[in-house]
Amino acid sequence: MLLQKETTRRKFLLGSLLALPLTDIVFKGLTAAQAAEMAAPELVDYKPIFFSANEWQFIMAACDRLIPAGGKGKAPGALETNVPIFIDQQMHGEFGEEIYMQGPFNVNAPATMGYQIPFRPQQIYKTGIKLIEGWCQTNHQKSFHELTDADKDAVLTQVQKNTINFSELGEGSLKASQFFSELLSDTKHGYLADPMYGGNKGMKAWIAIGFPGARASYTEWVKQHNIPYPLGPVSIKGERA
């Protein structure tokens with residue numbers, strides 16, 4: 001009961017902070033971006049709404065290897081920016097389910113022919129994770145998330161290059177590289193998207209790359225070249241870093 005009361009109290013205080021004007025928030029020692037980061041869910045406490053518990057462990061581990069923390073300039077990684085939450089929420093929503101699925105499909109058609117996979121994004125994830133987990137159990141006697149970082153990287157590389165052959169594992173409609181492309185693309189999107197979609201917590205990724213976000217006007221910067229933009233990013237909801 002005490003934990004529930006404290007959680008309710010924390011949400012009330014954060015809601016009050018986010019309702020204040022920016023000047024009041026800064027006066028209290030928090031920027032709007034810091035307040036928004038506090039209000040965003042903690043990854044360790046987040047309960048996935050689309051992925052199962054085992055699938056969630058795979059997503060967490062894979063995203064961590066695709067965008068690890070401590071890159072150039074000590075940039076935050078996928079886990080620090082809630083990328084897995086972004087993917088989970090996208091798969092639970094229309095992005096994961098609503099896609100044109102009228103056949104016929106030619107899985108061997110060239111890329112110029114467009115989307116030829118007879119799976120929705122949701123099915124791509126479910127199928128790909130199941131096959132990779134089975135391969136890891138057979139070849140490493142461990143789940144993907146239990147592997148060393150070096151082994152995780154090796155597995156993901158084999159998936160990307162189709163060295164782990166899905167057709168040999170009984171799946172003839174989806175290639176390993178297609179699953180990898182979907183996962184990598186969604187990881188990038190979660191890292192760089194506006195925080196309102198669940199990822200890029202606290203606009204950390206934007207801060208790391210110097211992206212200004214959804215600022216309304218840049219007229220005074222049009223003719224200024226090779227000069228770093230000095231102002232922090234702004235989210236669609238008006239949060240400022």
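Contact here means heavy atoms within 4.5 Å. With that in hand, let's walk through this predicted model, starting with one helix and working outwards.

## Helix α8 and what sits on it

Helix α8 covers residues 149-160, 12 residues in total. From first C-alpha to last it reaches 16 Å, close to the 16 Å expected at 1.5 Å a residue. Which of its residues are buried? They are K152, V155, L156 and V159. These residues cover an arc of only 95° around the axis, which puts them on the same side of α8. The cover over them includes α4 (53-66), α7 (121-140) and α9 (176-192).

A lysine is on that buried list, and K152 comes in at 9% relative accessibility. K152 forms a salt bridge with D149, and their closest N and O atoms are 3.9 Å apart. Both residues lie in α8, 3 residues apart, or about one turn of the helix. D149 is partly exposed, at 40% relative accessibility. The pair also belongs to a wider network of salt bridges that links R65, D149, K152 and D153.

## Salt bridges

How many salt bridges does the model have, with a side-chain nitrogen of Lys or Arg within 4 Å of a carboxyl oxygen of Asp or Glu as the rule? The count comes to 5. Here are three of the pairs, with the distance between the closest N and O atoms.

| Salt bridge | Closest N and O atoms |
|---|---|
| E42 and K201 | 3.3 Å |
| K126 and E55 | 2.8 Å |
| D149 and K152 | 3.9 Å |

E42 forms its salt bridge with K201. This pair links distant parts of the chain: E42 is in the loop between α3 (32-39) and α4, K201 is in the loop between α9 and α10, and their positions lie 159 residues apart in sequence. E42 is partly exposed at 36% relative accessibility, whereas K201 is buried at 7%.

K126 forms its salt bridge with E55. Here too, distant parts of the chain are linked, with K126 in helix α7 and E55 in helix α4, 71 residues apart. K126 is partly exposed, with a relative accessible area of 30%, while E55 is buried at 12%.

## Two residues at 0%

G77 is found in the loop between α4 and α5 (83-92). Is G77 buried or exposed? Its relative accessible area is 0%, so G77 counts as buried. Leaving aside neighbours within four places in sequence, G77 is in contact with I67, P68, A69 and Y191. G77 and C63 are 14 residues apart in sequence, and their C-alpha atoms are 8.5 Å apart in space.

T187 has its place in helix α9, and T187 is also buried, with a relative accessibility of 0%. What does T187 touch, once neighbours within four places in sequence are set aside? Its contacts are C63, L66, I67, A78, V83 and I87. I67 is thus listed for T187 and for G77.

## Backbone: positive phi

Next, a couple of backbone angles. Q141 has a phi near 55°, a positive value in a residue other than glycine. Q141 lies in the loop between α7 and α8 and is exposed, with a relative accessible area of 58%.

N162 comes just after α8, in the loop between α8 and α9. N162 is not a glycine either, yet its phi is positive at about 65°. What is the relative accessible area of N162? The value is 31%, so N162 counts as partly exposed.

## A nonpolar patch on the surface

Finally, the outside of the model. L192, I209 and F211 make a nonpolar surface patch of about 280 Å². Where does F211 lie? F211 is in the segment after α10 (204-209). At 36% relative accessibility, F211 is partly exposed.

Conventions: Residues are numbered from 1 along each chain as its sequence is written. This is a predicted model: local features need pLDDT of at least 70, side-chain atom pairs count only at pLDDT 80 or more; totals for chains, interfaces and linings use all residues. Side-chain values use heavy atoms; hydrogens and water are left out. Helices (H or I, at least four residues) and strands (E, at least two) are DSSP runs, numbered from the N terminus. The expected span of a helix is 1.5 Å times one less than its number of residues. Buried means under 20% relative accessible area, exposed over 50%, partly exposed in between (1.4 Å probe, protein chains only). The arc is that of the directions from the helix axis to the C-beta atoms. Patches are made of residues with over 30% relative accessible area and no salt bridge: like charges are joined within 9 Å, nonpolar side chains (Val, Leu, Ile, Met, Phe, Trp, Tyr) within 5 Å. Accessible areas come from the Shrake-Rupley method with a 1.4 Å probe; for residues, only the protein chains shown count as cover.
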